[in-house]
Amino acid sequence: MKKHIPAAMVTLFLLMLWQGAAMGVNAAYILPSPVQILRRLWELRVPLFTVHLPATMGVTALGLLISVALGLLLAVSMDWNEGLEKALYPVIVASQTIPTTAIAPLFILWFGYGIWSKVLVTILMTFFPIAITVFDGLKGTKREMEELLLTYGATKKDIFLKLKLPTALPHFFSAIKMSVPLSVIGAAIAEWLGAQKGLGYFSKRMMTQLDGAGVFAPVVLLSLVAMVTVGIITVIEKRVIRWRKEL
Amino acid sequence: MLEFRNISFRYTQDESPMMENLSFLVEAGAFVSVIGASGCGKSTIFRLINGLETPDTGEILVDGKPISALKQYSAFMPQKDLLFPWRSIEKNICLPMELQGVPMAEQTRRCQQVLEQVGLSGYGKKYPKDLSGGMKQRVAFARTLLSGADMLLLDEPFSALDYLTRVEMQEWLLHQWESTGKTILFITHDVEEAVFLSKTIFVIQERPFSAMEQVEVPLGYPRNRSDLKRQEVVELKEQLIGRLRKGVNL
């Protein structure tokens, strides 16, 4: 707990600075104060928690799930076959230069206001870190260990299961920790662009009503959700991987 | 036990070959050390035996049969212990048996037995990070033993240990060799280690080499450290060091 004190102090200081500035500006539709935002969050708790948070979480979870599956599939197949690596790796990297937010409106055109246009944006933002990080993990096995297994008569499959998979596991957790905040951002952006519910959509609606605190309230909720999720994953990671520093 | 017949080998990225027309013979149950300056091809001999490299010409025979027709004829123990940090000691030791599809109950039985043999019973559930360097080498040795081969290839297994641990491990290894009856090929650049452990020493002097000088150590078994002070042993050591230094270009 003690190690978190400096960060908490900085956060508190920044919040106080913000509070001071907001009170000075005294125009909540431009710069709402943290206290106003919290109050608004409380006032809006029913629609936020019963309608919009579940909607966004649905998009995030679905997008993340598909991203993990797709990312792992790409990573494993590129590791398995050099031809596939040569064919896919540059394409995957290039796909990241596409400004997702700029083409996201197209997805709304193609897939409508339903959940899939949002899931697609989320996938586009998160499959990359998963595919590349896990791929690096699979490629990062020690050559000597691989050779040792070969002298024991290991097959390609044995090497994958007994060496590559465990070696890549820490990378997998890093990838997930990177992807969770990205997936929340992706879902929120997609909802901003066109949706009927969700935290991003709600935030945009408050904007049109010049409700500054109402814009921020769902954003606070989004960050909290991302932080809590990353926290939970970190706890799981520590239980699963006790040997991270030894490779 | 092991025979090299006219082996020539060159790494594809190298200009000159490592060895040319090399032939030698190792008898079953022997303790043979291979010494030579670094980069002379000691480890390459092991890589050829365990099939990680294929000779350009010639044949390697184990018990009269070409190695391409054999399985599990040799067990390799590298310089670093290379224990998998995510596996418990037990699971590390069982790794070669796991790959060979040995039944679980048999794995557990042999594992307990070998842990006792290497003096580490009670450590099975621990992880590599909980063990000292010497203990880890003993675990690595146990793993090598349980691969089931009669010929052990030990590539500078003690070179990363501190002096006192190394001395202990050498005596321990001799004891293991005497009790298991395995054939041991041992690579080292430490002349004293080679003299203390082996019956026969192969010396690599130049590169490419077509023969290794074969030196018999004038000591019987069991031996102890004070034997190293004997006149003929001291002379042998000096002689070997002198020969190796000729091959060193600073």
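Begin by selecting chain B of this predicted model and locating its open sheet, in which six strands follow the order E6-E7-E8-E3-E9-E10 with mixed pairing. Strands of a sheet pair through backbone hydrogen bonds, in either a parallel or an antiparallel sense.

Next, turn to the edges of the sheet, where E6 and strand E10 (213-216) of chain B stand. Each has a single partner strand, so one side of each lacks a neighbour in the sheet. On average, neighbouring strands of this sheet are turned by 20° against each other, direction ignored.

Now select strand E6, residues 74-77 of chain B. Are its faces covered or open? Both are covered: Ser74(B) and Phe76(B) on one side are buried, as are Ala75(B) and Met77(B) on the other. Add strand E7 (residues 151-155) of chain B, which pairs with E6(B) in the parallel sense over four bridges. Within E7(B), Met151(B) is the bridge partner of Ser74(B).

Move to the other edge and select strand E9 (residues 200-203) of chain B together with E10(B); these two pair in the antiparallel sense over four bridges. Here Phe202(B) has Gln214(B) in E10(B) as its bridge partner.

Then display helix H1 (residues 42-49) of chain B, which packs on the sheet and touches strand E3 (31-35), E6, E7 and strand E8 (183-188) of chain B. The direction of H1 makes about 145° with that of E7(B).

Finally, show the contact between the chains, with 14 residues from chain A and 18 residues from chain B. On the side of chain A that touches chain B, helix H7 (143-151) and helix H8 (156-193) of chain A each supply at least two residues. H7(A) gives the largest share, six residues.

Notes:
Residues are numbered from 1 along each chain as its sequence is written. Chains are lettered from A and ligands numbered from 1 in the order in which they are written. This is a predicted model: local features need pLDDT of at least 70, side-chain atom pairs count only at pLDDT 80 or more; totals for chains, interfaces and linings use all residues. A residue is buried if 20 or more other C-beta atoms lie within 10 Å of its own, exposed if 12 or fewer, and partly exposed in between; C-beta atoms are placed from the backbone. Two strands pair if DSSP finds at least two bridges between them. Two residues are in contact if their C-beta atoms, placed from the backbone, lie within 7 Å. Axes are lines fitted to C-alpha atoms, for helices over the stretch in contact, and angles run from 0 to 180 degrees between N-to-C directions.
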